[in-house]
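Welcome! Here is a short tour of a few residues and elements in this model. Have the viewer open as you read along.

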Amino acid sequence: MASTLTRRPLPALVSLVALLLLTSLVWWRVLHRGSGAGAEATPCPSPTTSVSETLPAQEQVTVQVLNATSRTGIAGKARTALTADGFKSPRPATNDRPRVRVRGVAEIRYGPSAAQGAKLLAYYFPGAKLVPTASKVTTVVVSLGDKYKRVATPESVTAALTKDHVALKSAEPQPSSSPSC
């Protein structure tokens, strides 16, 4: 007995080739996206293109807070706020030397090796005066003045740093979350 059904492989083969071509076309477009003649080439964004300066992270800055006013307790509160934001402050807050009077918000005193940390602290004390010294230590001294109200919030510091295109160096390298180009 002969079978009345005969198999025709040609329609199945044509369908398979069509699916293979369609899959190849889709992958080619995905892999070559944006490289066509009419497409604009967009360069891979660099994280440093809009950064004009890099300052140390809070954890890398040691600060001493002094009170140059007659108000009590303000240096301790400022030190607490700074350490809560990550600054190192191993010495307790105290009064500035006798007869030192700071008329503005604060004086930020620093030696050559602490200049970058002093610039960062200036964002926490808007209006403070930066005072370079010949000190060899890396500790930045903040002497609070008559016009001092409070330490700037971390949010306002971040906003000011972003506005000024300033980045902070992290203590340990962070893996890049951006796709490779």
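Leaving aside its neighbours within four places in sequence, which residues is Val140 in contact with? The model is a predicted one, and in it Val140 is in contact with Val61, Thr62, Val63, Gln64, Ile108, Arg109, Ala114, Gly117, Ala118 and Leu121.

## Val140 in strand β6

Strand β6 is the home of Val140. With a relative accessible area of 1%, Val140 counts as buried because the cut-off for that word is under 20%.

One of the contacts of Val140 is Val61. These two residues are 79 residues apart in sequence, yet their C-alpha atoms are 7.7 Å apart in space.

## Gln64 in strand β2

Another contact of Val140 is Gln64, which belongs to strand β2, spanning residues 62-67. Is Gln64 buried or exposed? Its relative accessible area is 5%, so Gln64 is buried.

What does Gln64 touch, not counting residues up to four places away in sequence? The list is Arg91, Pro92, Thr94, Thr139, Val140, Val141 and Val142. For Pro92 there is a polar detail to look at: its backbone oxygen lies 3.3 Å from a polar atom of the Gln64 side chain.

## The two faces of helix α2

Next, turn to helix α2, which covers residues 74-84. Its buried residues are Ile74, Ala75, Ala78 and Leu82. Around the axis they cover an arc of only 95 degrees, and therefore they sit on the same side of α2. On the face turned away from that buried side you will find the exposed residues Lys77 and Ala84.

Which elements do the buried residues of α2 pack against? They pack against strand β2, strand β3 (94-95), helix α3 (115-124) and strand β6 (139-144). Strand β2 contains Gln64, and strand β6 contains Val140, which ties this helix to the two residues described above. After α2 comes Gly86, with a positive phi near 110 degrees.

## His165 and its backbone

A last stop for anyone who likes backbone angles: His165 is not a glycine, but its phi is positive, at about 60 degrees. Where does His165 lie? It is in the loop between helix α4 (154-163) and strand β7 (166-169).

His165 has a relative accessible area of 41%. Since buried means under 20% and exposed means over 50%, this value makes His165 partly exposed. Val140, in contrast, is buried, at 1%.

Terms used
Residues numbered from 1 in each chain as written. Predicted model: local features only at pLDDT ≥ 70, side-chain atom pairs only at ≥ 80, totals over all residues. Heavy atoms only, no water. Helix = DSSP H or I, 4+ residues; strand = E, 2+ residues; numbered from the N terminus. Buried < 20%, exposed > 50% of the residue type's maximum accessible area, 1.4 Å probe, protein only. Polar contact = N/O pair within 3.5 Å; in protein donor to acceptor, adjacent residues only side chain to side chain. Contact = heavy atoms within 4.5 Å. Arc of directions from axis to C-beta.
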